[in-house]
Amino acid sequence: MKTLYKSIPENKTSHEHMWEIGKWHKIDGDIDICNKGFHASKNIINAMGYVNAGYVAKVAVRGKSIVQSDKECWSEMKVVKMVEWNKKDSVSLAIFSAELVLENYEKEYPNDMRPREAIEAAKKVLKEDNEENRSAAWSTASAAESAAESTAWSAARN
């Protein structure tokens, strides 16, 4: 049996299937990726790109399948483990991801502190989610986004 990852909405329901741990769901007939079947991905982050996560689940799959590079479609699926996912988790993931590439950015643009400031502002929101910290985080995030866009345009021109 193969295991994959699935993003599940807050109401634990998708396409008339109520997801609960240990219950197998089956699609009869042909499956069609994006149209008919149960979808999941090898990586959690890919799964989260398709459905806003209320829960992130590890799933077991079996039966007929269609496999693409970023997702798979199966005729049978059950949830093995399910963990609630909230806004705080999304902010933590964004901070973690940004920190992974920050050193590379700062090597290329040592005088541009906007991405670092955006990360620090987001950390303040995690620690104390109030209007002042959220406002500061949005402002610095906008500045960092502008920096990233101008960097991308500059790289594309060269």
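**Exercise 1. Place Phe 96 in the secondary structure and describe the surface around Phe 96.**

Step 1. Phe 96 lies in helix 2; helices (H or I, at least four residues) and strands (E, at least two) are DSSP runs, numbered from the N terminus. The model is predicted: local features need pLDDT of at least 70, side-chain atom pairs count only at pLDDT 80 or more, and totals for chains, interfaces and linings use all residues. Residues are numbered from 1 along each chain as its sequence is written, and side-chain values use heavy atoms, with hydrogens and water left out.

Step 2. The relative accessibility of Phe 96 is 48%, so Phe 96 counts as partly exposed (buried is under 20% relative accessible area, exposed over 50%, partly exposed in between; 1.4 Å probe, protein chains only).

Step 3. Together with Leu 100 and Val 101, Phe 96 makes a nonpolar surface patch of about 310 Å². Patches take residues with over 30% relative accessible area and no salt bridge; like charges are joined within 9 Å, and nonpolar side chains (Val, Leu, Ile, Met, Phe, Trp, Tyr) within 5 Å. Accessible areas come from the Shrake-Rupley method with a 1.4 Å probe, and for residues only the protein chains shown count as cover.

**Exercise 2. Find the salt-bridge partner of Glu 99 in helix 3 and state how the pair sits in the chain.**

Step 1. The side chains of Glu 99 and Lys 123 form a salt bridge, 2.6 Å from N to O. The criterion is a side-chain nitrogen of Lys or Arg within 4 Å of a carboxyl oxygen of Asp or Glu.

Step 2. This pair links distant parts of the chain: Glu 99 belongs to helix 2 (residues 87-108) and Lys 123 to helix 3 (residues 114-127), 24 residues apart.

Step 3. Glu 99 is partly exposed at a relative accessible area of 36%, and Lys 123 is partly exposed at 33%.

**Exercise 3. Which residues form salt bridges with Arg 134?**

Step 1. One partner is Asp 129, with the closest N and O atoms 3.0 Å apart. Asp 129 is partly exposed, with a relative accessible area of 47%; the value for Arg 134, also partly exposed, is 29%.

Step 2. Glu 131 also meets Arg 134 in a salt bridge, at 3.8 Å from N to O. Both residues of this pair lie in helix 4 (residues 131-157), three residues apart, about one turn of the helix. Glu 131 counts as exposed, at 56% relative accessibility.

Step 3. Elsewhere, salt bridges that share partners join Glu 99, Glu 120 and Lys 123 into one network. A search of the whole structure finds nine salt bridges.

**Exercise 4. Describe the lining of the largest pocket.**

Step 1. Its volume is about 590 Å³. On a 1 Å grid over the protein atoms alone, a pocket is an open set of points where a 1.4 Å probe fits, with protein on both sides within 12 Å along at least five of seven lines; lining residues have an atom within 4 Å of a point. Grid points are joined across faces, edges and corners, and a volume is the space filled by probe spheres set on the points.

Step 2. The lining has 19 residues, and those nearest the centre of the pocket are Ala 94, Ala 118, Ala 122, Ala 137 and Ala 141.

Step 3. Helix 2, helix 3 and helix 4 each supply at least two lining residues; the largest share, eight residues, comes from helix 2.
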